[in-house]
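Trainee: I would like to go through the labels used for this structure. Can we take them one by one?

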Amino acid sequence: SADEVAYGKEILGDLWEGKHTLALMHALRTAPRRDSAQAERILAKPRAAADNTDARVGKTRADVEYLYDLILKQRSLDHARLVARKRALRAKHSFGQLAQNCRDSIHLEFLSGITDYVVDRDR
């Protein structure tokens, strides 16, 4: 899917590390209890090599793929994108209000462009 191409590598790295990203937290919160309990057991394991197949050593590739599949199943990437978009739009609005008190400049234009980039980069 497009999510896997755009986010797969980044998310898999975060899952190997056990990082509690917004997408992962959403998946844990919205998944059926059995699935979230399994995910929590996986997250409690330490990171192991990406080619690890021994669950006694740490997370396995199958473990990380389970977590990623759960994120996809729960539409947690969509949720994370929506939250990020709302926050970026709020920041853009706040910046616009502050910028009213500033003279036009290339610096001001650059800063304004950052929020546009963050909001629109996934389109």
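Trainee: Why is Lys19 called partly exposed?

Mentor: This is a predicted model, and the values are computed from it. Lys19 has a relative accessible area of 44%. Partly exposed lies between the cut-offs of 20% and 50%, so Lys19 gets that label.

Trainee: What makes Asp14 count as buried?

Mentor: Its relative accessibility is 16%. Buried means under 20%, so Asp14 counts as buried.

Trainee: How do you know that Lys19 forms a salt bridge with Asp14?

Mentor: The closest N and O atoms are 3.7 Å apart. The cut-off is within 4 Å, so the pair qualifies.

Trainee: What makes the salt bridge of Glu17 with Arg47 a tie between parts of the chain?

Mentor: The closest N and O atoms are 2.4 Å apart. Glu17 lies in helix H1, and Arg47 in the loop between helix H3 and helix H4. The pair therefore ties together parts that are 30 residues apart in sequence.

Trainee: Why are Arg81 and Asp78 separated by about one helical turn?

Mentor: They are three residues apart in helix H5. Their side chains meet in a salt bridge, 3.0 Å from N to O.

Trainee: Why are H2 and H5 called oblique to each other?

Mentor: They pack at an angle of about 125 degrees. Roughly perpendicular covers 65 to 115, and roughly antiparallel is over 145. The angle fits neither, so H2 and H5 are oblique. Their axes are 8 Å apart.

Trainee: Which residues of H2 make the contact?

Mentor: Leu22, Ala23, His26, Ala27 and Arg29. On H5, the contact residues include Leu77 and Val83.

Methods
Residues are numbered from 1 along each chain as its sequence is written. This is a predicted model: local features need pLDDT of at least 70, side-chain atom pairs count only at pLDDT 80 or more; totals for chains, interfaces and linings use all residues. Side-chain values use heavy atoms; hydrogens and water are left out. Axes are lines fitted to C-alpha atoms, for helices over the stretch in contact, and angles run from 0 to 180 degrees between N-to-C directions. Helices (H or I, at least four residues) and strands (E, at least two) are DSSP runs, numbered from the N terminus. Angles under 35 degrees count as roughly parallel, over 145 as roughly antiparallel, 65 to 115 as roughly perpendicular and the rest as oblique. Contact means heavy atoms within 4.5 Å. Buried means under 20% relative accessible area, exposed over 50%, partly exposed in between (1.4 Å probe, protein chains only).
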